Amino acid sequence: MSRDRSGLAPAIRTRTRTELRRSRRPRAHSCWDHLYAAPLWPLHGANLGTLARTCDAVGACLTVPRFPWVPEALARGNTLRRPLCTHWTGDPLGWLAKQREHGLRIVGVELADEAIRLADLPAAREPTVLVLGHEQHGIPPEALDLLDSCVEIPMVGTGASLNVAVAGSLALYRLAGLV
């Protein structure tokens, strides 16, 4: 153990890479069919890569539209050694409707009168889709009727919203029961 200038051991000890590898799963997860992050109307490719890393961290799948630029954005932004469980859709509204028909809980991150505060969002006890809207316009009105509930991330600053990667990461950690 290294010591600081005073000769005392540090009060905080970080884990080594070997310790981290032993405590985490040895390979990428296959589709667990439990938690999906769905940025169905993405605006910025960099946010998709960041959200992909969060999906890996919490054991979620990523569902994205087949826009021409999305595969490259994921490839560039995903710094993981293994591929992430990614589901592709060409029709976001149709995909959401299909998930509802299959009994999945659909939660949107949106400013709404009926929204649950992030701190009050319960962990997902059943298969759940977290819907993330467009960074400037939010979730389209025609998709709101497909949501079971909304979660709002409280903010005290002057901004109107967080970017998709940050908002999605916060909500995914809550839904995964990790915070």
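**Entry 1: the sheet**

I count two strands as paired if DSSP finds at least two bridges between them. With that rule in hand I looked at β5 (residues 116-117) and β7. Two bridges join them, and the strands run parallel. I noted one pair by name: isoleucine 116 has valine 151 in β7 as its bridge partner. The model I am reading is predicted.

Next I asked in what order the strands of the open sheet lie. I read the order as β3-β2-β1-β6-β4-β7-β5. Seven strands make up this sheet, and their pairing is parallel. β3 and β5 stand at the edges, and each has a single partner strand, so one side of each has no neighbour in the sheet.

**Entry 2: strand β4**

I then turned to β4 (residues 105-109) and its two partners. Which strand does β4 join through three bridges? I found β7 (residues 149-152), running parallel to β4. Here valine 107 stands opposite serine 149 of β7.

The other partner is β6. β4 and β6 pair over five bridges, also in the parallel sense. Valine 107 has leucine 130 as its bridge partner in β6. Valine 109 stands opposite leucine 132, again in β6.

I also checked how enclosed β4 is. Five of its five residues are buried, so the rest of the structure largely encloses this strand. I looked at each face in turn. Arg105, Val107 and Val109 lie on one side, Ile106 and Gly108 lie on the other, and all are buried. Both faces of β4 are therefore covered, since buried here means under 20% relative accessible area.

**Entry 3: helix α3**

I moved to α3 (residues 70-77) and asked which of its residues are buried. I listed Val70, Ala73, Leu74 and Gly77. Viewed down the axis of α3, these buried residues fall within an arc of 95°, so they line one face of the helix. The spacing made sense to me after a general reminder. An α-helix has 3.6 residues a turn, so residues three or four places apart point the same way.

What do the buried residues of α3 pack against? I found α2 (45-58), β2 and β3. On the face turned away from this buried side, I noted the exposed residues Glu72, Ala75 and Arg76.

**Entry 4: helix α4**

I repeated the check on α4 (residues 92-101). Pro92, Trp95, Leu96 and Gln99 are buried there. Their arc around the axis is only 100°, which puts them on the same side of α4.

I looked up what covers these buried residues. The cover includes β1 (35-39), β2, β3 (86-89), β4, β6 (128-132) and α5 (141-144). After α4 I came to glycine 103, whose phi is positive, near 85°.

**Entry 5: cysteine 61**

I placed cysteine 61 in strand β2 (residues 61-65). Is cysteine 61 buried or exposed? Its relative accessibility is 1%, so I count cysteine 61 as buried.

I then compared its place in sequence and in space with that of histidine 87. The two residues are 26 residues apart in sequence. Their C-alpha atoms are 7.3 Å apart.

**Entry 6: cavity and pocket**

How many cavities of 30 Å³ or more does the structure hold? I found one. The largest cavity has a volume of about 30 Å³. I wrote down its lining: Pro39, Pro42, Leu43, His44, Asn47, Leu48, Glu135 and Val164. By class, that lining has five nonpolar, two polar and one charged residues.

I finished with the second largest pocket. Its volume is about 300 Å³. Its lining has 21 residues, and Val109, Glu110, Ser161, Leu162 and Ala167 lie nearest the centre. Val109 I had met before, as a buried residue of β4.

Which elements each supply at least two residues of the lining of this second largest pocket? I noted β7 and α6 (164-175). By class, I read 11 nonpolar, seven polar and three charged residues in the lining of the second largest pocket.

Technical notes
Residues are numbered from 1 along each chain as its sequence is written. This is a predicted model: local features need pLDDT of at least 70, side-chain atom pairs count only at pLDDT 80 or more; totals for chains, interfaces and linings use all residues. Side-chain values use heavy atoms; hydrogens and water are left out. Helices (H or I, at least four residues) and strands (E, at least two) are DSSP runs, numbered from the N terminus. Buried means under 20% relative accessible area, exposed over 50%, partly exposed in between (1.4 Å probe, protein chains only). On a 1 Å grid over the protein atoms alone, a cavity is a set of points where a 1.4 Å probe fits but cannot get out, and a pocket is an open set with protein on both sides within 12 Å along at least five of seven lines; lining residues have an atom within 4 Å of a point. Grid points are joined across faces, edges and corners, and a volume is the space filled by probe spheres set on the points. Ala, Val, Leu, Ile, Met, Phe, Trp, Tyr, Cys and Pro count as nonpolar, Asp, Glu, Lys and Arg as charged, and the others, Gly among them, as polar. The arc is that of the directions from the helix axis to the C-beta atoms. Contact means heavy atoms within 4.5 Å.
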